[in-house]
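Good morning, and thank you for the opportunity to speak. Please look at the structure on the screen before we begin.

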Amino acid sequence: MNEELASIGKSIVINGELTGSEDLTIEGRVEGKIDLKDHVLTVGMNGRIKAQVTAKSIVVFGHVTGNLTATEKVDIKEKGSVEGDIVAPRVAIADGSHFKGSVDMQRKEGANGDRPLSTVPSLTDLVRV
Amino acid sequence: MALKTAFKGLSSVATAPTEDVYSSKTLGKFLSFVFSRSGAELIDLGPVIGSNIAFMGERVGCKIHIEDLYADLDRHALEGTLDRLPDFMAARFPLGDESVDAVLCWDVFDYLNPDAGSALSGELIRMLRPGGALLGFFGARASDETRYTKYFIQDESRLRYRFYVGACRRRAVLQNRDIDNLFAGLQLSDSVLMRSGVREVLYHKRSA
């Protein structure tokens, strides 16, 4: 089956709530709220978003103002721009991109990588030099 | 002699054509502290660096607030409003009192005039939770070069330096007493002059 990808063209302007159950690429302007739950949102180079966004993964080539929440990953590409707070277990921010806000990757207890940082002396062990 | 060595070290950094990696005596301690705080929040005063975000988010497990003061400096320099920096710094941060566990200052204080530096340090101390940590880097000499440094975290004990063009220059060398005055009220935990010519200073706020 040859399934076409859903997209919003660069001349399209949407004000309001946008929901869907398939991957979506936005090249136009969206203001309001975007909820793709288990799917991938791609903000194309021409895309301009002012919205709270929820999706499985969010890829940003264009401009986003608003908070991003992803269950898998947020990926801000070179020349992509995000102003808002990001909540996602994985976040990639490319050199040359613009980001202003906070990043919360919600580490779970014990999921701290292959070498515990706790092996490094704590502040209370330090001595004034 | 030691100072001369420090100058020599900084010179080698300033002219390095490639990105050099330097060890840090305080980064690991700082990150270890953040790691030990459940649900820790950290302010990074430098430009956004994707690999640092990934390291601190995935490995250290903290929430990171990016507050790029170097971009603010550039904007004020280009608009000719550097004299307004003290007021700007005093109102810059939206975060509440005692709301963050750690602050990564990098070397931003080297670029600020005394009033702006005092305004900034006051805000950082205000936002820091009791027991919280603050890490700052201070150069050993002033410079006429208008450039900043991006510090890439390689691992818990190494940083890669990358220079990039900015609008401001390092204004002056802050002596230890100047630094202590800036952070009066915090407790000095570690102060190390590195071979790179950078003094790393780690403070923490006394627990309530």
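I begin with Asn15(A), which counts as exposed because 11 C-beta neighbours lie inside 10 Å. A residue is exposed at 12 or fewer other C-beta atoms within 10 Å of its own, buried at 20 or more, and partly exposed in between, with C-beta atoms placed from the backbone.

This is a predicted model, in which local features need pLDDT of at least 70 and side-chain atom pairs count only at pLDDT 80 or more, while totals for chains, interfaces and linings use all residues. Residues are numbered from 1 along each chain as its sequence is written, and chains are lettered from A and ligands numbered from 1 in the order in which they are written.

Asn15(A) sits in strand 2 (residues 13–19) of chain A. Strands (E, at least two residues) and helices (H or I, at least four) are DSSP runs, numbered from the N terminus. Beyond its neighbours within four places in sequence, Asn15(A) is in contact, meaning C-beta atoms placed from the backbone lie within 7 Å, with Glu31(A) and Gly32(A).

Let us turn to chain B. Helix 2 (residues 27–36) of chain B has eight of its ten residues buried, so it is largely enclosed by the rest of the structure. Among the buried residues are Leu27(B), Phe30(B) and Phe35(B).

Finally, the sheet. Chain B has an open sheet of three strands in the order 1-7-6, paired antiparallel; pairing requires at least two DSSP bridges between two strands. Strand 1 (21–23) and strand 6 (147–155) of chain B are the edge strands, each pairing on one side only. Strand 6 and strand 7 (residues 158–165) of chain B pair over eight bridges.

Notes: Contact = placed C-beta atoms within 7 Å.
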